[in-house]
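Let's take a walk through this model with a bench eye. Have the sequence and the 3D view open side by side.

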Amino acid sequence: WLDVPLSDCGVAQARCLKEKNKLPEVCTVISSSLTRCLQTAEILYPNAHIRREERLRTRNLGRWTGRTTAEIAGAGGRWFSPFASGAPPEGETFRELRDRVSDALRDIAATSGGHQIVVTHGAVIGVVMAMADMEPYIIPQCSYCVVRWSHDRIIILDDPGIGVPPV
């Protein structure tokens with residue numbers, strides 16, 4: 001995984017999300033362990049204890065990590081969607097990503113009470129959409145969706161992609 005900090009634009013988007021939306025009071029904030037998600041969580045909930053969860057990382061793109069689509073194509077690869085079923089070289093399949101994220105979400109739901117915030121990546125939100133029997137799609141950066149966990153099933157209450165316009 002490529003672990004990079006938020007860009008200046010990402011920091012501005014997170015601050016805008018916090019300012020323009022009434023964020024819920026929460027019992028628990030859980031974040032992907034990658035720096036950009038941890039920084040977003042800290043901006044949104046500066047006084048909260050943030051629990052790191054490795055299984056909420058984005059899809060492992062293996063040798064394609066950090067490369068552009070053009071660079072991948074130039075090396076003979078073909079990448080067209082973070083939701084494609086195949087695996088990049090030394091990366092994980094969508095099914096592997098789904099299994100990892102599903103396990104994490106089940107554990108979170110089973111061990112924590114009250115409202116919880118999960119700060120993660122677009123590909124992980126795509127898994128949540130698939131778990132809710134929706135076709136996953138690429139959502140804008142610094143977006144959010146509201147879900148409810150009910151009897152081992154995810155129910156999406158707000159469409160993914162709610163968030164802030166590009167800064």
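What follows is a short tour of a predicted model, going from a strand and a loop to the helices and then the salt bridges.

## Strand β3 and Q116

Start at Q116, which sits in strand β3, a strand covering residues 116-119. Is Q116 buried, exposed or something in between? Its relative accessibility comes out at 25%, and the cut-off for buried is under 20%, so Q116 counts as partly exposed.

Now look at who sits beside Q116. Leaving out residues up to four places away in sequence, Q116 touches V26, T28, I30 and I108. C27 is worth finding too: 89 residues separate C27 from Q116 along the chain, yet their C-alpha atoms are 5.9 Å apart in space.

## The loop after β3

Move along to T120 and you're in the loop between β3 and α5, the helix at 122-131. The T120 side chain has a polar atom that lies 2.6 Å from the backbone oxygen of L56.

L56 also turns up in the contact list for T120, alongside S32, C37 and I125, again not counting residues up to four places away in sequence. If you click on C37, you land in helix α2, where C37 is one of the buried residues.

## Helix α2 and what it packs against

Helix α2 runs over residues 35-44. Which of its residues are buried? They are C37, L38, T40, A41, I43 and L44. A bit of helix geometry is handy here: an α-helix has 3.6 residues a turn, so residues three or four places apart point the same way.

And what do the buried residues of α2 pack against? The partners are helix α1 (8-20) plus three strands: β1 (28-32), β2 (50-53) and β3. That last one is the strand that holds Q116.

## Helices α4 and α5

Next, try helix α4, residues 94-111, together with α5. The two pack with their axes 10 Å apart and at an angle of about 80 degrees. Angles of 65 to 115 degrees count as roughly perpendicular, so that is the label for α4 against α5.

On the α4 side, the contact is made by F94, L97, R98, V101, S102 and L105. On the α5 side, you'll find A123, V124, G126, V127, V128, A130 and M131. Sorted by class, this contact has 10 nonpolar, 2 polar and 1 charged residues.

## Salt bridges

How many salt bridges does the structure hold? There are 5. As a reminder, side chains of opposite charge can pair when their charged atoms come close.

One of them joins R55 and E53, with an N to O distance of 2.8 Å. E53 is buried at 11% relative accessible area, while R55 is partly exposed at 26%. This pair also belongs to a network of salt bridges that links E53, R55 and D107.

Another joins R57 and E54, at 3.3 Å from N to O. Here R57 is buried, with a relative accessible area of 16%, whereas E54 counts as partly exposed at 48%.

Then there's R100 with E92, where the closest N and O atoms are 2.4 Å apart. Are these two residues buried or exposed? R100 is buried, with a relative accessible area of 14%, and E92 counts as buried as well, at 9%.

Conventions. Residues are numbered from 1 along each chain as its sequence is written. This is a predicted model: local features need pLDDT of at least 70, side-chain atom pairs count only at pLDDT 80 or more; totals for chains, interfaces and linings use all residues. Side-chain values use heavy atoms; hydrogens and water are left out. Helices (H or I, at least four residues) and strands (E, at least two) are DSSP runs, numbered from the N terminus. Buried means under 20% relative accessible area, exposed over 50%, partly exposed in between (1.4 Å probe, protein chains only). Contact means heavy atoms within 4.5 Å. A salt bridge is a side-chain nitrogen of Lys or Arg within 4 Å of a carboxyl oxygen of Asp or Glu. A polar contact is a pair of N or O atoms within 3.5 Å; within protein, one must be able to donate a hydrogen and the other to accept it, and residues adjacent in sequence count only if both atoms are side-chain atoms. Axes are lines fitted to C-alpha atoms, for helices over the stretch in contact, and angles run from 0 to 180 degrees between N-to-C directions. Angles under 35 degrees count as roughly parallel, over 145 as roughly antiparallel, 65 to 115 as roughly perpendicular and the rest as oblique. Ala, Val, Leu, Ile, Met, Phe, Trp, Tyr, Cys and Pro count as nonpolar, Asp, Glu, Lys and Arg as charged, and the others, Gly among them, as polar.
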